[in-house]
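This report describes the salt bridges, the enclosed and open spaces, and a surface patch of one protein model.

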Amino acid sequence: LEKPPPEEPKLEMTLRQLASEVLKAVHGTLQWVQFDDGVVRAWVALRLSQTLEKRGKRKDAVAVIEDAVASINHARYLLLAKEIDPNTSWEALDAVPSVSTKTGDGGVARRPNHEMEQLLACLQVDVLHCKYRCLLALGVEHAQRAAAGKQATNAATRLKRTKEQTIYGTKSRKQLREEAQEAERDRSRPLLPPKQWERDLVAGCNKNAYERAVVLIEMARLPRLSEDRQRILQEASDAIAEAEALESRIEDQVSLRPSLERTPKPLPPRLVMRSATAMIVSADPWRQPKGEPPADVAGYSLYCKNEGSGVAVSLNNVEFRGTGIARPHGDKIIVHGLTPNESYVFAVAPVDPQGRVIGGVGETSVPVV
């Protein structure tokens, strides 16, 4: 009788490997069916990237976490669309920011927009921590590969010199001592990413102080000298204070009641909501100073520009979609096409019933990131 073929060895998966395969399948399915729940998609992507990170697959983790960022940004953008027209159904927007797993039930009460915005913002903080933790770890791996390459090159150079002793003479004690010291140095491996790697990550945050603080916090977690860690944590604290001060200025401007004061120019517009690439603003009615001929103000047009480019907002700042268009009183205006982590300022100009600007652009808003 012929012997049966030997059984192939069974490869047992660890619990972490099994979890990552399950999450990978769920994540891929959500992408394939274009699942419309931004919170669920981001949460699954975050958990998958964390599992891949623990398995040492940091490049894959970064690729997945970018999908989580995109899902959150898309959900926040759709919240803006819902804010502009509260009567629009989520199904019409092809988006259902979740309040439960029963996203298909029409009778499920939805969270208010501001609560959903807060939920997405909190989820984005976790996503950013995971993203920059992985990117810094990849920087450490890059530095270690470079060190290993340098070690191999130096070892080859020393070996070549040893073989050439018959030509160039025996190595001196000084040369042997220097080679031993070099070999000892080459055996150590860096525990930190290159300085330029860290600088590029910080610079990539641009004017988003909160995101810069996240990068600095993750940098401080790496094994480094106590003085360096304290300096980096202080920079992170300063970045958070800077962001909070800016948010406080925005909140002060937003929370003011519509002014009854008569002013030479319209007051700055108010921020209503924002996403990574769009913002909603609204304008208060303009009351002209007494003694001036009354203007027939039918509405406003909005103007926007990058903070710091030029002096003030002008009628020429109409490069973003939603700007330079006459709107009736009380309309919320959405501005599209903004760059993530960039800072913008806004101003409105009153228009007559024919859409012509009356008296120029009003006061400029505080910068908004």
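A salt bridge is taken here as a side-chain nitrogen of Lys or Arg within 4 Å of a carboxyl oxygen of Asp or Glu. The model discussed is a predicted one. By this rule, it holds 18 salt bridges.

**Salt bridges**

The side chains of Glu218 and Arg133 form one such contact, at 3.8 Å from N to O. Glu218 belongs to helix H9 and Arg133 to helix H5, so the salt bridge ties together parts that lie 85 residues apart in sequence. Glu218 is buried, at 3% relative accessibility, whereas Arg133 is partly exposed, at 22%. Glu218 also forms a salt bridge with Arg221, a residue that is exposed, with a relative accessible area of 55%. Glu53, Arg133, Glu218 and Arg221 are linked in a network of salt bridges.

Helix H5 takes part in another long-range contact: Arg158 in H5 is linked to Asp186 in helix H7 (residues 173–187), 28 residues apart. Both partners are buried: Arg158 has a relative accessible area of 15%, and Asp186 has one of 9%. Gly149, in helix H5 as well, lies 37 residues from Asp186 in sequence and 9.6 Å from it in space, C-alpha to C-alpha. Gly149 counts as partly exposed because its relative accessibility is 33%, between the limits of 20% and 50%.

| Salt bridge | Closest N to O distance |
|---|---|
| Glu218 and Arg133 | 3.8 Å |
| Arg158 and Asp186 | 3.9 Å |
| Arg221 and Glu218 | 3.3 Å |

**Pocket and cavities**

The largest pocket holds about 1,300 Å³ of space. It is lined by 49 residues, and those closest to its centre are Arg76, Asn208, Tyr210, Arg274 and Val369. Among the elements that give two or more residues to this lining are helices H3 (58–84), H5 (113–163) and H9 (209–220), together with strand S1 (270–274). Helix H10 supplies the largest share, 10 residues. By class, the pocket lining comprises 26 nonpolar, 10 polar and 13 charged residues.

Three cavities of 30 Å³ or more are found in the whole structure. The largest cavity contains about 50 Å³ of space. Its lining consists of Ser282, Ala283, Tyr300, Arg327, Pro328, Gly330, Asp331 and Ile333, of which four are nonpolar, two polar and two charged.

**Surface patch**

Leu15, Leu18, Val22 and Val26 make up a nonpolar patch on the surface, with a combined accessible area of about 370 Å². Leu15 is located in helix H1 (residues 15–32) and is exposed, with a relative accessible area of 71%.

Methods:
Residues are numbered from 1 along each chain as its sequence is written. This is a predicted model: local features need pLDDT of at least 70, side-chain atom pairs count only at pLDDT 80 or more; totals for chains, interfaces and linings use all residues. Side-chain values use heavy atoms; hydrogens and water are left out. On a 1 Å grid over the protein atoms alone, a cavity is a set of points where a 1.4 Å probe fits but cannot get out, and a pocket is an open set with protein on both sides within 12 Å along at least five of seven lines; lining residues have an atom within 4 Å of a point. Grid points are joined across faces, edges and corners, and a volume is the space filled by probe spheres set on the points. Helices (H or I, at least four residues) and strands (E, at least two) are DSSP runs, numbered from the N terminus. Ala, Val, Leu, Ile, Met, Phe, Trp, Tyr, Cys and Pro count as nonpolar, Asp, Glu, Lys and Arg as charged, and the others, Gly among them, as polar. Patches are made of residues with over 30% relative accessible area and no salt bridge: like charges are joined within 9 Å, nonpolar side chains (Val, Leu, Ile, Met, Phe, Trp, Tyr) within 5 Å. Accessible areas come from the Shrake-Rupley method with a 1.4 Å probe; for residues, only the protein chains shown count as cover. Buried means under 20% relative accessible area, exposed over 50%, partly exposed in between (1.4 Å probe, protein chains only).
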